[in-house]
Amino acid sequence: MKKHGILVTAVIFMLLSVTVFSAGGRESAEASYTIEITGSTSVSPLMETLADAFSDQNPNVVIQVSGTGSGDGITGANTGVAELGMSSRNLRASELGFGLDVLTIAVDAIAVIVHPNNPVNDLSLEQIQGIYTGSITNWSELGGENRRISVVSREPGSGTRGAFEEVIGFVDELTPGAIEFDGTGGVKASVAGNVNAVGYISLGSLDQEVKAVSVGAVEPTGANVVNGTYEIARPFLVLYREDNIHHTTKQFLDWIMSAEGQAIAAKNYVPVR
Amino acid sequence: MKKEMRKQVDIGIRYLFRVISYFSVVALAAILIFIFYQGVIPFVASTAPAIRLVTEHIPEIQVNGSTYVNHRTFIDVPSKDDEIVISFEHQGEYIELQLEINPDKTNPEQVVRFPASLAEQVTSPEANTYTITFPGGLPGLEKKIHINIPEPPYRFFAFLLGDEWRPVYRKLYGILPMITATLMTTFGAVLLGVPIALLASVMTAEFLSPKSAFFVRSSIDLLAGIPSVVYGFFGLMIIVPIIQRVFGSASGSSLLAAVIVLSIMILPTVISITITSLEAVPESYREASLALGATKMQTSWRIVFPAARSGILAGGILGTSRAVGETMAVILVAGNSPQFPSSLTDSVRTMTATIALEMGYSAGRHNQMLFSIGVILFVIICVLNGIIMKLKQHMLEDA
């Protein structure tokens, strides 16, 4: 028996862990309801804040938010992998036909960011287009120092990138050689660490590490999005199937659209009500 | 009785082993079949069987004689129809559109012909998609009809040899820049890393005192255990800014940064296997060489090193595979732009980086194309291993 001691222990541990995990899962399912939310990395920070506030009021509701990408959110809601999907761009023609219900929970501006030491404070839409399509390559052409521009973009398929390219008008014409990162954090870190860099991120994720430039002398603020002067904006969408969602999830959606939920959205984004 | 039970346990455990080993084979096969299946679809099938319409803000619409009320999903136009007749009410008027279909045309722009009167209302937001817009009373409530034309099977050579990766709107899936980048970063890393690793191993195995050799070996084993994202972070914070400063480029994220980080990452793998194989060379070889008057250096390079070459080659194989498959560290330092690098300071994107970057953001054919990249990666690794195996055989025959 001694010879098999280790083996037997290993098998027992395997069986034990399986039972423990499955039992744990069952127990929590009985006590409460878990809402699975997946999708855009730009929407996730807002959704997590909303989820925390809602869970505080309703302790028996567990909300799991995973930021994987807008494409994942739309597919997840379509196939039913997640109850709610998040998207930071409008649905494309090939996705509209899924027949998903769409709820706009907030509007977000996309800020064009540069390194804090960069003297450039304002760019026009044409200049931004020039930078991203490769016709402007030096900061001196924009009133800055004589340095080459390091163009930082998001990866193809990103909701932020899609919205940015559509508003600026260079759909899928990004200059070769532009650096691409997945996620808002990567773009921000890259711009914060390189004085030559220019990038774009969600206004809600903006902080002191980077400097947001005004676009055509209009500051990227929520107020300017509301009055329509700041054009680089996109909706934050939640996607679901009305018939398939649990009544708890419906409550959560109603709460997001209530005065209380929208007040939370208004902290960093533009509320829709 | 005790013996009997022991026998039973023995048999039981043997069955358990068998099940586990079969399970691993089945799991591997399932993964491979899934990836191959997904990866082959774009080259054999169209994205949809027929032209599909989607409407926005049109409560009631007739398409080729069928009426759809508050229809939100796709409206499929049967492939045998040679025209699309759409009619609906707009601002009190009754609108009828007649669109001709030429399913045989390969150019998507010619598949559906729009009447000249619609020219101003038709836009193409992305390749193979046309949108007809009718202005509504409020912004955002325009009546829209989207026409999705199925994409024909993608040509395999346009995929393998295409130089543009524009997957979202223009639907171009050329991966040659990524194949180039993967090969360049890998060979660069092997070129830079393997000589360093070999020198370090010979030094450690042959010249260092047992005490310091033990110290070096354990530090290298420790290096092997560091997660790759940490190497990437080190590269991003240290190597990338240095490259930017030294070369005066716009950004330090480059092919060179990827090569340097990868060459550091393959060091532990190559070194530890090389040391092991050098140590496995019988002591009598060294004694004989030294007895014949060779110096310590001559013995190491001319006797011990050739005797251990199959093990050294194995280390090289593992190092190369690690460099090909490395993802996280490369994403952080390479800059990820899908282009052919014209210099060492240009940013590149490897195949694994593409899969990792875009998997969460892709849908439909774009998603399947990422699996196709996985298949190509698999083939590259198989070919690479095949070449090295052949080399090894040659070397063993020569010996």
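**Figure 1. Open sheet β4-β1-β10-β9-β8 of chain B.** In this predicted model, five strands of chain B form an open sheet in the order β4-β1-β10-β9-β8, with antiparallel pairing. The edge strands are β4 (75-76) and β8 (122-126) of chain B, each of which pairs on one side only. Within the sheet, strand β9 (residues 129-134) and strand β10 (residues 143-148) of chain B run antiparallel and are joined by six bridges. Across this pair, Thr133(B) has Lys144(B) of β10(B) opposite.

**Figure 2. Open sheet β3-β2-β5-β6-β7 of chain B.** Another open sheet of five strands in chain B, again with antiparallel pairing, follows the order β3-β2-β5-β6-β7. Its edge strands, pairing on one side only, are β3 (66-69) and β7 of chain B. Strand β5 (residues 83-90) and strand β6 (residues 93-101) of chain B are antiparallel and share eight bridges. Ile86(B) has Leu97(B) as its bridge partner in β6(B), and Glu83(B) stands opposite Glu100(B), also in β6(B).

**Figure 3. The β5-β6 hairpin and the step to β7 in chain B.** The hairpin of β5(B) and β6(B) has two residues between the strands. In this hairpin Gln91(B) adopts a positive phi near 50°. β6(B) also pairs with strand β7 (residues 112-113) of chain B, in the antiparallel sense and over two bridges. Here the bridge partner of Glu100(B) is Arg113(B) in β7(B). Glu100(B) is thus a point of contact for both neighbours of β6(B), as it stands opposite Glu83(B) and is bridged to Arg113(B).

**Figure 4. Nonpolar surface patch on chain B.** Leu32(B), Phe36(B), Val40(B), Val44(B), Phe378(B), Val379(B), Val383(B), Ile387(B) and Leu391(B) make a nonpolar surface patch of about 730 Å². Two elements of chain B, α1 (2-44) and α13 (364-398), each give two or more residues to the patch. The largest share comes from α13(B), with five residues. Leu32(B) belongs to helix α1 of chain B. Leu32(B) counts as partly exposed because its relative accessibility is 31%. In an α-helix, residues three or four places apart point the same way, because there are 3.6 residues a turn.

**Figure 5. Helix α12 of chain B.** Helix α12 (residues 351-358) of chain B is largely enclosed by the rest of the structure, because seven of its eight residues are buried. The buried residues of α12(B) are Met351(B), Thr352(B), Ala353(B), Thr354(B), Ile355(B), Leu357(B) and Glu358(B).

**Figure 6. Charged side chains over aromatic rings in chain B.** The charged end of Arg52(B) sits over the ring of Phe74(B), at 4.1 Å from the ring centre. Lys296(B) places its charged end over the ring of Phe207(B), 5.5 Å from the centre.

**Figure 7. Aromatic pair Tyr132(A) and Phe164(A).** Over all chains there are 21 aromatic pairs. In the pair of Tyr132(A) and Phe164(A), the ring centres are 5.2 Å apart and the planes stand at 70°, so the pair is edge-to-face. It links distant parts of the chain, 32 residues apart: Tyr132(A) is in helix α5 (residues 125-133) and Phe164(A) in helix α6 (residues 159-168), both of chain A. Tyr132(A) is buried, with a relative accessible area of 1%, and Phe164(A) is buried at 0% relative accessibility. The two residues belong to one aromatic cluster with Phe170(A) and Tyr200(A).

**Figure 8. Aromatic pair Phe236(A) and Tyr269(A).** Phe236(A) and Tyr269(A) form a tilted aromatic pair, with 5.2 Å from centre to centre and 55° between the planes. Phe236(A) lies in strand β11 (residues 233-240) of chain A and Tyr269(A) in the loop between α10 (259-268) and β12 (270-271) of chain A, so the pair ties together parts that are 33 residues apart in sequence. Phe236(A) is buried, with a relative accessible area of 0%. Tyr269(A) also counts as buried, because its relative accessibility is 8%.

**Figure 9. Ala259(A) and Pro271(A).** Ala259(A) is part of helix α10 of chain A. Its relative accessible area is 68%, so Ala259(A) is exposed. Ala259(A) and Pro271(A) are twelve residues apart in sequence, and their C-alpha atoms are 9.6 Å apart in space.

How values were computed: Residues are numbered from 1 along each chain as its sequence is written. Chains are lettered from A and ligands numbered from 1 in the order in which they are written. This is a predicted model: local features need pLDDT of at least 70, side-chain atom pairs count only at pLDDT 80 or more; totals for chains, interfaces and linings use all residues. Side-chain values use heavy atoms; hydrogens and water are left out. Patches are made of residues with over 30% relative accessible area and no salt bridge: like charges are joined within 9 Å, nonpolar side chains (Val, Leu, Ile, Met, Phe, Trp, Tyr) within 5 Å. Accessible areas come from the Shrake-Rupley method with a 1.4 Å probe; for residues, only the protein chains shown count as cover. A salt bridge is a side-chain nitrogen of Lys or Arg within 4 Å of a carboxyl oxygen of Asp or Glu. Helices (H or I, at least four residues) and strands (E, at least two) are DSSP runs, numbered from the N terminus. Buried means under 20% relative accessible area, exposed over 50%, partly exposed in between (1.4 Å probe, protein chains only). Rings of Phe, Tyr and Trp (its six-membered ring) pair if their centres lie within 6.5 Å; planes under 30 degrees apart count as stacked, over 60 as edge-to-face and the rest as tilted. A charge sits over a ring if NZ of Lys or CZ of Arg is within 6 Å of the ring centre and within 35 degrees of the ring normal. Two strands pair if DSSP finds at least two bridges between them.
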